[in-house]
Amino acid sequence: MKISVIGCGYLGAVHASSMAELGHEVVGIDVDSSKIALLSEGKATFFEPGLTEVLSSALAGGRLRFSSDIADAAGAEVHFIAVGTPQTIGSYAADLTYVDAAVTSLLPYLSAGDLVVGKSTVPVGTAARLAELIATSGSGASLAWNPEFLREGFAVNDTIHPDRLVYGVPAGEAGERATAQLNEIYATAIEAGTPVVVTDYATAELVKVSANAFLATKISFINAMAEIAEVTGADVTQLADAIGFDDRIGRRFLNAGVGFGGGCLPKDIRAFTARAEELGRGESVAFLKEVDAINLRRRQRVVDLVVSALDGQLYNSRVAVLGLSFKPHSDDVRDSPALDVAVQLYGLGASVVATDPQGIENARGRHPQLEYTASVEDALRDASVVVLVTEWPEFTEIDPVWARTLVKTPTIIDARNTLDPVAWRAAGWTYVGLGRP
Ligand code: UDX
């Protein structure tokens, strides 16, 4: 199928490349011409395992091209909207400026039978509003909402082999046609048995935000248990293992630590709260404010543990921060707990030296005041305390005996509960986990 993808950020670049990998003819469009120039050369503008490979193979096969001119969307039958919906400055609501601009700029290039497909995460009610806008433009195009559930670090695989497909479509014939068009696009996944849920706009929009709200709640639940474990001497990791054996609960997303971050979970639960309040149902999701508060308290807890390890003497104390990205296998530092902890410690007067396999450049762009090094060895050297904040294998596999020879004081705060306390203590370290004795 001929496809256009409007927006070539984390979502759009992966979607455009993956759709081309599946055999479709794709044009990726973005207003940022420097991004388009790099993508056209097969260079990914962010770190995502597997992206460069699908990008290069699709470009070489002639199935993928990029453009900064929205007019190049003309001729495609299906147009994916994959622009960002960040948190609005000064409010919890999602900023829909980019979604609105993408759809509005596309209107003159739509033809009868075209399908505009929203992928961006939006507040419920947005699709109905945009469908109205498209209908009044008179092109004869229609709209579907097809939320994306990809995880950074696994984005290409999640796009090519999704665990479910959700189509929010209009009623009647237009909905049937939209469903058929989407089924053709996702034919490979559907043949492989991927379940498809065909529903209305509001449900499709809500599936996405409620999935992220549920995941955030699960993480904050276990982090709340970590807080209780800290005052009772219990071990939250054993607690998670034990409750996780119950199939109804499950062990995934029950890792207590410094909490969640990134470009999705934090802003999505806030936008959901804001939208529910607009709808007069603020109380229905008021618990998400607590989920957010628990999450942010965990960052503070890590900072407090460092302060206490240094007996309050932060000035001129060297603190090695292992991790900057919000999770491993990503260079994304948006709302990263790791970067937040590093910046807070710097603000308290510590001499922070931070390292990360992929996140340094993005972190430096936001916080040039921190000291960065690509070398774990350099980060550890002469440190008075070490904080592991993002569980990259490069950090979780550090040999505690070797690391002991580099630091000034062997104290490690394991803010992801991923190290083996027995091995680290045996190597002479003071090991401090979150919610662990
Ligand atoms: C998330 C959703 O998983 C995905 O479906 C959606 O499309 C976008 O948002 P992503 O932001 O890539 O994906 O990250 P995810 O893997 O969900 O992790 C989110 C955060 O939670 C990370 O900071 C991670 O470190 C943290 N986390 C995850 C925990 O603290 N504990 C856990 O047990 C799991």
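This dialogue works through the domains and two helix contacts of a predicted model.

Trainee: Where do the domains of the protein chain begin and end in the assignment?

Mentor: The domain assignment places domain 1 at 2–198 and domain 2 at 200–437, and the C-alpha centres of domain 1 and domain 2 are 32 Å apart.

Trainee: How is the size of an interface often given?

Mentor: A frequent choice is the accessible area that is lost when the parts come together. Here domain 1 and domain 2 bury about 2,600 Å² between them, with 61% of it on carbon and sulfur atoms. On the domain 1 side, the residues that lose the most area to domain 2 are F47, Y92 and V124, which together account for 28% of what that side buries. Counted by residues in contact, 34 from domain 1 meet 29 from domain 2.

Trainee: Turning to helix pairs, at what angle do helix α4 and helix α5 pack?

Mentor: Helix α4 (residues 97–106) packs against helix α5 (residues 126–137) at an angle of about 20°, and their axes are 10 Å apart. Because angles under 35 degrees count as roughly parallel, α4 is described as roughly parallel to α5. The crossing in which α4 passes α5 is right-handed. On α4 the contact is made by V99, D100, V103 and T104, and on α5 by R129, L130, L133 and I134; by class, this contact has 5 nonpolar, 1 polar and 2 charged residues.

Trainee: How, then, do the axes of helix α9 and helix α12 cross?

Mentor: The axes of helix α9 (residues 201–232) and helix α12 (residues 287–309) cross at roughly 50° and come within 9 Å, and α9 and α12 are therefore oblique to each other. In this pair α9 passes α12 in a left-handed crossing.

Trainee: Which residues of α9 and α12 meet?

Mentor: From α9 the contact draws on A213, A216, T217, S220, N223, A224, A226, E227 and E230, which meet F287, L288, V291, I294, N295, R297, R298 and R301 in α12. Sorted by class, the residues of the contact of α9 with α12 comprise 8 nonpolar, 4 polar and 5 charged.

How values were computed. Residues numbered from 1 in each chain as written. Predicted model: local features only at pLDDT ≥ 70, side-chain atom pairs only at ≥ 80, totals over all residues. Heavy atoms only, no water. Axes fitted to C-alpha atoms, helices over the stretch in contact; angles between N-to-C directions. Helix = DSSP H or I, 4+ residues; strand = E, 2+ residues; numbered from the N terminus. Parallel < 35°, antiparallel > 145°, perpendicular 65-115°, else oblique. Left-handed = near helix turned anticlockwise from the far one by under 90°. Contact = heavy atoms within 4.5 Å. Nonpolar A, V, L, I, M, F, W, Y, C, P; charged D, E, K, R; others polar. Domains from an automatic or database assignment. Buried area = accessible area lost by both parts, 1.4 Å probe.
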